[in-house]
Amino acid sequence: MADTLEFNEIYQEVKGSMNDGRLRLSRQGVIFKNSKTGKVDNIQASELAEGVWRRVALGHGLKLLTKNGHVYKYDGFRESEFDKLSDFFKAHYCLELAEKDLCVKGWNWGTVRFGGQLLSFDIGEQPVFEIPLSNVSQCTTGKNEVTLEFHQNDDAEVSLMEVRFYVPPTQEDGVDPVEAFAQNVLSKADVIQATGDAICIFRELQCLTPRGRYDIRIYPTFLHLHGKTFDYKIPYTTVLRLFLLPHKDQRQMFFVISLDPPIKQGQTRYHFLILLFSKDEDISLTLNMNEEEVEKRFEGRLTKNMSGSLYEMVSRVMKALVNRKITVPGNFQGHSGAQCITCSYKASSGLLYPLERGFIYVHKPPVHIRFDEISFVNFARGTTTTRSFDFEIETKQGTQYTFSSIEREEYGKLFDFVNAKKLNIKNRGLKEGMKQSYDEYADSDEDQHDAYLERMKEEGKIREENANDSSDGSGEETDESFNPGEEDDDVAEEFDSNASATSSSGDGDSDRDDKKPAKKAKVVKERKARRKHPESKKGKDPNAPKRPMSAYMLWLNASRERIKSDHPGISITDLSKKAGELWKAMSKEKKEEWDRKAEDARRDYEKAMKEYSVGSKAESSRAERSKKKKKKQEKQLKGKAERKGSSSKPVSSSKSSAKSSNESFKSKEFVSSDESSSAESKKEDSEEEGAPSPRRSSSDSASGSD
């Protein structure tokens with residue numbers, strides 16, 4: 001038989017919710033590891049008292065009872081696994097795995113039995129339901145009635161809040177069955193009562209989560225946070241881990257307490273308690289116990305009188321009472337020599353600490369990620385600037401964490417750390433290329449060639465061209481009405497009408513030569529039109545009144561310098577985020593003051609716009625009249641030129657044929673309407689008439705003789 005049995009996807013019932021994890025049975029005992037929190041329950045084989053196999057909602061379940069009264073329930077087994085488990089219990093634990101089915105009759109009258117930390121309601125010999133007394137938060141009694149109230153479970157969709165038991169009166173004298181029932185419950189229930197004196201008290205400690213100043217009273221079984229508004233009682237059994245983390249400025253220390261279940265304030269849940277200490281604060285502490293009790297309880301870990309730094313005293317006392325190790329940063333050292341990395345998570349800036357077995361981010365919101373729950377990590381280029389990069393972590397459950405705005409100098413240190421911890425890197429295939437390209441742009445800002453930046457520029461150019469093509473569609477149609485298509489059609493018609501007079505090859509060559517300038521003119525015309533197109537879009541008058549700013553922008557302009565002074569060296573993006581947080585947290589009365597200023601600015605703007613609109617209308621009417629007058633003058637000049645040109649035009653057919661051979665491919669826009677162009681055309685006609693004049697005179701004489 002195997003020495004160990006392992007089961008995946010097993011569910012442990014804790015306070016009404018099912019936490020999935022892995023269960024391992026060995027010769028030494030039973031170990032269950034919670035997949036969500038990483039918490040490990042270890043049951044020694046010598047502590048096991050009973051094992052029960054029964055049918056439950058998720059298949060079959062295993063209930064283990066220990067000799068000190070603790071009960072552990074694990075569900076998710078298959079029916080076929082009973083024989084394997086039964087043989088294992090017999091061979092290694094010397095226990096008989098009993099089969100007990102739950103009663104499903106639906107009766108509400110039965111017998112209550114108390115066994116260890118378990119209340120069992122039975123009908124006959126079969127249990128109907130069981131209540132772990134550690135889930136009970138309060139027990140109250142009435143006449144023949146006992147009411148049990150339970151801790152609220154945040155992970156469960158539906159939580160059981162209370163159960164009432166009717167206890168019938170008995171004839172026995174001197175024994176009250178209701179009080180006896182309540183005492184049995186209270187002796188094992190998780191009811192926190194501040195009875196007795198505190199072991200020690202720490203006054204006015206700065207707490208970041210939940211925010212405020214709290215007095216911390218240390219009791220034997222729980223921690224009491226007392227503030228001006230809220231009080232919290234934290235049992236030591238809910239503490240998962242302790243962290244002691246140095247701040248990047250080397251003058252402060254974070255002490256982080258991980259909690260499960262979390263403490264509650266209204267609808268807010270705090271999974272981490274974060275205390276901030278200054279290294280310069282010292283304290284002398286005296287425990288409220290005699291030396292024998294201190295030695296017996298803490299076995300030398302604490303003494304009655306202690307002195308030292310405040311953070312050392314708090315962490316030392318918590319370690320002794322909770323009985324858990326304190327996690328500190330490992331051998332990681334960043335570019336600046338600190339053991340953390342400055343970054344942003346969601347909307348807040350904080351510090352990321354690479355630990356020996358995970359990452360922790362403080363402080364808003366705090367995040368702890370263990371290495372065993374990480375699926376892969378990814379190094380990504382920063383979205384806002386090339387001076388930083390993003391560090392992405394994705395867990396096996398599919399949750400993604402992105403830590404952004406990390407200085408590029410930290411890349412090499414963080415990459416080496418992740419590589420040494422053998423975490424899966426999503427872009428590991430580009431490892432050498434990544435290092436090389438990163439070093440290239442780390443040496444200079446923008447002088448080196450950046451392939452990613454060049455690609456983005458090209459995509460931007462393509463988008464701009466597409467936008468121009470779509471917006472210039474109507475403009476191109478207007479250009480073509482002047483230049484290309486209609487010009488060719490007009491030339492063809494003119495050529496066809498004079499075909500009898502232009503049949504020589506020389507005339508054809510001149511025609512081909514005349515076509516080329518026409519095409520060049522077309523290209524030039526289109527380019528000029530495109531250059532003028534953006535100018536036609538400019539409709540914004542620089543003299544127009546400026547639009548008023550909102551209340552937030554007015555406040556931001558007034559508060560920008562103050563925020564910069566409070567946070568020296570803050571970047572523009574972080575300043576915007578910080579301003580948004582301050583504005584959101586501002587009281588309603590202060591916001592109303594800026595709303596009034598914005599309203600005054602809006603009224604001034606409307607008044608200025610009315611005055612501006614009246615002036616602009618008058619100016620536009622004057623411009624319209626001058627434009628109409630100019631058009632009228634141009635039309636008159638054009639009419640005069642046409643009449644003058646038609647009166648001086650020769651009637652000779654030979655002259656028209658010669659003129660058509662030289663000017664057949666000139667479009668209408670090349671014919672000027674002024675007198676100088678018409679005079680030049682007359683001069684050209686007279687020069688062209690000189691060469692063929694002998695031929696025309698002979699033909700004229702022939703026609704005259706005829």
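Q: Why is Glu 299 called exposed?
A: Its relative accessible area is 62%, and exposed means over 50%, buried under 20%, and partly exposed in between (1.4 Å probe, protein chains only). Glu 299 therefore counts as exposed. The residue lies in the loop between helix 3 (291-298) and strand 23 (305-309), where helices (H or I, at least four residues) and strands (E, at least two) are DSSP runs numbered from the N terminus.

Q: On what kind of model do these statements rest, and which limits apply?
A: The model is predicted: local features need pLDDT of at least 70, side-chain atom pairs count only at pLDDT 80 or more, and totals for chains, interfaces and linings use all residues. Residues are numbered from 1 along each chain as its sequence is written, and side-chain values use heavy atoms, with hydrogens and water left out.

Q: What makes the backbone at Glu 204 notable, and why is this residue called partly exposed?
A: Most residues other than glycine have a negative phi. Glu 204, in strand 15, has a positive phi near 50°. Its relative accessibility is 45%, which falls between 20% and 50%, so Glu 204 is partly exposed. Glu 299 also has a positive phi, about 55°.

Q: Which residues does a cis peptide bond join, and with what omega?
A: One such bond joins Thr 209 and Pro 210, with omega about -10°; Pro 210 is in the loop between strand 15 (200-209) and strand 16 (212-218). Another joins Asp 260 and Pro 261, with omega about 5°, and Pro 261 belongs to strand 20 (residues 252-265).

Q: Why is the contact of Glu 130 with Lys 73 called a salt bridge?
A: A salt bridge requires a side-chain nitrogen of Lys or Arg within 4 Å of a carboxyl oxygen of Asp or Glu. The closest N and O atoms of Glu 130 and Lys 73 are 3.3 Å apart, so the pair meets that limit. The pair links distant parts of the chain, with Glu 130 in strand 11 (residues 126-132) and Lys 73 in strand 7 (residues 71-77), 57 residues apart.

Q: How do you know whether Glu 130 and Lys 73 are buried or exposed?
A: The relative accessible area of Glu 130 is 15% and that of Lys 73 is 10%. Both values are under 20%, so both residues count as buried.

Q: How do you know that Asp 372 and Arg 370 form a salt bridge, and how accessible are they?
A: Their side chains meet at 3.1 Å, N to O, which is within the 4 Å limit. Asp 372 is partly exposed at 34% relative accessibility, whereas Arg 370 is buried at 9%.

Q: Which residues touch the most other members of the largest nonpolar core?
A: They are Phe 202, Ile 218 and Leu 223, in a core of 41 residues. Helix 4 (residues 310-322) gives the most to this core, with 9 residues. A nonpolar core is a set of buried Ala, Val, Leu, Ile, Met, Phe, Trp, Tyr and Cys residues joined through side-chain atoms within 4.5 Å.

Q: What places the buried residues of helix 1 on the same side?
A: The buried residues of helix 1 (residues 82-93) are Phe 82, Leu 85, Ser 86, Phe 88, Phe 89, His 92 and Tyr 93. They cover an arc of only 165° around the axis, which puts them on the same side of helix 1; the arc is that of the directions from the helix axis to the C-beta atoms.

Terms used
Expected span 1.5 Å × (residues − 1).
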